[in-house]
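Trainee: Could you take me through one part of this model up close, side chain by side chain? I'd like to know which contacts to look for and how covered the partners are.

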Amino acid sequence: MAEGPVWDERLNELIWIDIEGYHLHRYRPSDGRRRQYELPLKAGAAVPAEDGSWILALEDGFYRFDWETSLNPALIARKTDDSDAPQPMRMNDGKCDPQGRFWAGTMNADNNRLAALFTLDPQGRVTKRLSGVVCSNGLAWTADGNAMYYIDTPTRVVSAFDFNGLTGELTNRRTVVSIPEGEGSPDGMAIDAEGMLWVAHWGGWQVSRWNPTTGEKLAAVRVPAANVTSCAFGGEGLDELYITTARTGLRAEEADKQPLAGGIFTVNPGVNGLPVARYRG
């Protein structure tokens, strides 16, 4: 299950996670080099830090991982207690905001509203930012940092918030994108240099481009896999869109018809992305 693609412009590499396989992957397109690292827990997201390490959202909290030593990730902080949940919550998708906080949310198999969205700030403190979440997924910020976009997958919408970069406070929640019936559910997300949103459709065979001001669907990139998990801009000019997919959730007969499911695809979308924001702790 490929998930959480991130382009590191310092390394000129694509990094992604395999949640079910307990692996962190990196790929250098210039020479085709691939490396993978075993993880002790399921990972929901990985983001680069300013010091060259990577910060991981593993099942129970936030960890630091060093490429050079490849040792077990070191715990920074656990997510806040979720003892009211009938099943343990695990961390899922996440990204950094322009101020260097790492945002990552939770989910569980019961699809109840006991999940949440958290931040790990540069001082290593964990703060719950949203509650009442079912399955926390895609995140994006506008280039000016004044708005944050967010996906809670079962709601089938992209929400926008006014964003206070100084405090991380979210206000004025509103719906800016609604996924039509029959096109799957929104999963991961990216934003391009024109401020348009690219949304991966779990169960929808596509990544779609949306105008968050008008709610208009502008384009769709069809993918030969039903469960599209996320997307990220990459390449040296940030002019390629990397698209991750999953075999997870497919019945045997469905998987037979989707031999490329679980793979990663690239397309030139005709627009550039924005550089990844790094954790500043």
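Mentor: Start with Arg101, which counts as buried because its relative accessibility is just 7%, and the cut-off for buried is under 20%. Keep in mind that this is a predicted model, so read each value as computed from its atoms. Arg101 has a charged partner: it forms a salt bridge with Asp97, and the closest N and O atoms are 2.8 Å apart. Asp97 is buried too, since its relative accessible area is 0%. So here you have a salt bridge in which Asp97 and Arg101 are both buried.

Now look at some other charged pairs, as the count comes to 18 salt bridges. Arg33 and Glu13 meet through their side chains, at 3.1 Å from N to O. Arg33 sits in strand 4 and Glu13 in strand 2 (residues 13-18), so this contact ties together parts that are 20 residues apart in sequence. The two ends are covered to unlike degrees: Glu13 is buried, at 2% relative accessibility, while Arg33 is partly exposed, with a relative accessible area of 29%.

Glu20 and Lys42 make another salt bridge, at 3.4 Å from N to O. This one goes from loop to loop: Glu20 is in the loop between strand 2 and strand 3 (23-28), Lys42 is in the loop between strand 4 and strand 5 (43-48), and so the pair ties together parts 22 residues apart in sequence. Glu20 counts as partly exposed because its relative accessibility is 37%. Elsewhere, Asp8, Glu9 and Arg278 are linked in a network of salt bridges.

Strand 4 brings us to the rings. The model has 10 aromatic pairs by count. One of them joins Tyr37 and Phe65 edge-to-face, with 5.4 Å between the centres and 75° between the planes. Tyr37 belongs to strand 4 (residues 33-38) and Phe65 to strand 7 (residues 61-65), so the pair links distant parts of the chain, 28 residues apart. Tyr37 is buried at 6% relative accessibility, and Phe65 is buried with a relative accessible area of 1%. Phe65 also pairs with Trp67, again edge-to-face, at 5.5 Å centre to centre and 90° between the planes. Trp67 counts as buried as well, at 7% relative accessibility. Add Trp54, and you have one aromatic cluster made of Tyr37, Trp54, Phe65 and Trp67. While you have Trp67 on screen, find Arg26: it lies over the face of that ring, 4.4 Å from the ring centre.

Last stop, further along the chain: strand 22 (residues 240-246), where six of the seven residues are buried. Strand 22 has a partner in strand 21 (residues 227-234), and seven bridges join these two antiparallel strands. To find the register, put Val228 against Thr245, its bridge partner in strand 22. The two strands make a hairpin with five residues between them, and in the turn Gly235 has a positive phi of about 85°. Strand 22 also pairs with strand 23 (residues 264-267), in the antiparallel sense and over four bridges. There, Thr244 stands opposite Ile264.

Definitions and conventions
Residues are numbered from 1 along each chain as its sequence is written. This is a predicted model: local features need pLDDT of at least 70, side-chain atom pairs count only at pLDDT 80 or more; totals for chains, interfaces and linings use all residues. Side-chain values use heavy atoms; hydrogens and water are left out. Rings of Phe, Tyr and Trp (its six-membered ring) pair if their centres lie within 6.5 Å; planes under 30 degrees apart count as stacked, over 60 as edge-to-face and the rest as tilted. Buried means under 20% relative accessible area, exposed over 50%, partly exposed in between (1.4 Å probe, protein chains only). A charge sits over a ring if NZ of Lys or CZ of Arg is within 6 Å of the ring centre and within 35 degrees of the ring normal. A salt bridge is a side-chain nitrogen of Lys or Arg within 4 Å of a carboxyl oxygen of Asp or Glu. Two strands pair if DSSP finds at least two bridges between them.
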